[in-house]
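Grab a pencil and get ready to work through a few exercises on a protein fold. Try each task yourself before you peek at the solution.

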Amino acid sequence: MPKASLVIWVSRKGINYEGNDEIVWFLNERTREKFISDILKNLQEYKSIRKKRGKMNVILIGIREEDKEILERFKNNFNFIIEESYQRKIINFLK
C-alpha cells in the first residue's frame with residue numbers, strides 16, 4: 001500500500017480526514033464546510049504555500065459517484081487511491 005499524506009473517508013455522518021498532523025491542522029483552520037471540493041482546494045493551497053512539488057497521495061474511502069467528477073479537476077496535483085470501504089481495506093491488510 002502506498003504512503004498517503006491524507007486519508008479522506010465519507011460516511012453517513014459526513015466527511016472526515018486524518019493524516020499528516022500539519023496538513024490536518026491546516027485543513028481544520030481553512031475548511032469551514034466539509035465537502036470534497038473544499039478539502040481538495042485547501043489541500044492544493046497548502047501545497048503551494050509549502051512549495052511541495054510532485055503529486056501528493058490521497059486515499060479516498062467510500063466516495064460517491066457524484067464526487068468522482070470533482071476529482072477530475074484535481075488529478076494533476078494529487079494521486080487518488082480510491083477504496084470502497086475501510087473495513088475491506090483492513091481485511092485485505094490482515095490477509
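Here come five exercises on this predicted model, each with a worked solution.

**Exercise 1: Taking stock**

Find out how many helices and strands the chain has, and in which order the elements run.

*Solution.* Step one is counting: you should get four helices and four strands. Step two is walking along the chain from the N terminus, which gives β-β-α-α-β-α-β-α. For a bit of context, the chain has 95 residues, and 32% of them count as buried. Also, 42% of the contacts with a separation of 6 or more are made by residues 24 or more positions apart.

**Exercise 2: Laying out the sheet**

Work out the strand order in the sheet, and say which strands sit at the edges.

*Solution.* Start with the order: the four strands line up as β2-β1-β3-β4 in an open sheet, and the pairing is mixed. Now look for strands that pair on one side only: those are β2 (14-19) and β4 (78-83), the edge strands. On average, neighbouring strands are turned by 20 degrees against each other if you ignore direction. Next, zoom in on β1 (residues 6-11) and β3 (residues 56-61), which pair in the parallel sense over four bridges. To see one partnership, take L6: its bridge partner in β3 is V58.

Now add the helices that pack on this sheet. α1 touches β1, β2 and β3, and its direction makes about 145 degrees with that of β2. α2 packs on the sheet too, touching β1, β2, β3 and β4, with its direction at about 170 degrees to that of β1.

**Exercise 3: α1 against α2**

Describe how α1 and α2 pack: what is the angle, and which residues make the contact?

*Solution.* First the geometry: α1 (residues 21-30) and α2 (residues 36-49) pack at an angle of about 120 degrees, with their axes 10 Å apart. That angle is why α1 counts as oblique to α2. As for handedness, α1 passes α2 in a right-handed crossing. Then list the players: α1 brings E22, I23, F26, L27 and R30, while α2 brings I39, N42, L43, E45, Y46 and I49. Sort them by class and you get seven nonpolar, one polar and three charged residues.

**Exercise 4: α2 against α3**

Do the same for α2 and α3: are they roughly parallel or roughly antiparallel?

*Solution.* Begin with the numbers: the axes of α2 and α3 (residues 65-74) come within 10 Å and cross at roughly 15 degrees. Angles under 35 degrees count as roughly parallel. So α2 is roughly parallel to α3. The crossing of α2 past α3 is right-handed. At the contact, I36, S37, L40, K41 and Q44 of α2 meet D67, I70, L71, R73 and F74 of α3. By class, that contact has five nonpolar, two polar and three charged residues.

**Exercise 5: Two loop residues**

Locate F35 and K51, and decide whether each is buried, partly exposed or exposed.

*Solution.* Take F35 to start: look in the loop between α1 and α2. Its relative accessibility is 46%, so F35 counts as partly exposed. Check a distance too: the C-alpha atoms of F35 and G14 are 8.8 Å apart, although 21 residues separate them along the chain.

Now K51, which you'll find in the loop between α2 and β3. With a relative accessible area of 68%, K51 is exposed. Finally, check the backbone: K51 isn't a glycine, yet K51 has a positive phi of about 55 degrees.

Definitions and conventions: Residues are numbered from 1 along each chain as its sequence is written. This is a predicted model: local features need pLDDT of at least 70, side-chain atom pairs count only at pLDDT 80 or more; totals for chains, interfaces and linings use all residues. Side-chain values use heavy atoms; hydrogens and water are left out. Axes are lines fitted to C-alpha atoms, for helices over the stretch in contact, and angles run from 0 to 180 degrees between N-to-C directions. Helices (H or I, at least four residues) and strands (E, at least two) are DSSP runs, numbered from the N terminus. Angles under 35 degrees count as roughly parallel, over 145 as roughly antiparallel, 65 to 115 as roughly perpendicular and the rest as oblique. A crossing is left-handed if the near helix is turned anticlockwise from the far one by less than a right angle, and right-handed if clockwise. Ala, Val, Leu, Ile, Met, Phe, Trp, Tyr, Cys and Pro count as nonpolar, Asp, Glu, Lys and Arg as charged, and the others, Gly among them, as polar. Buried means under 20% relative accessible area, exposed over 50%, partly exposed in between (1.4 Å probe, protein chains only). Two strands pair if DSSP finds at least two bridges between them. Contact means heavy atoms within 4.5 Å.
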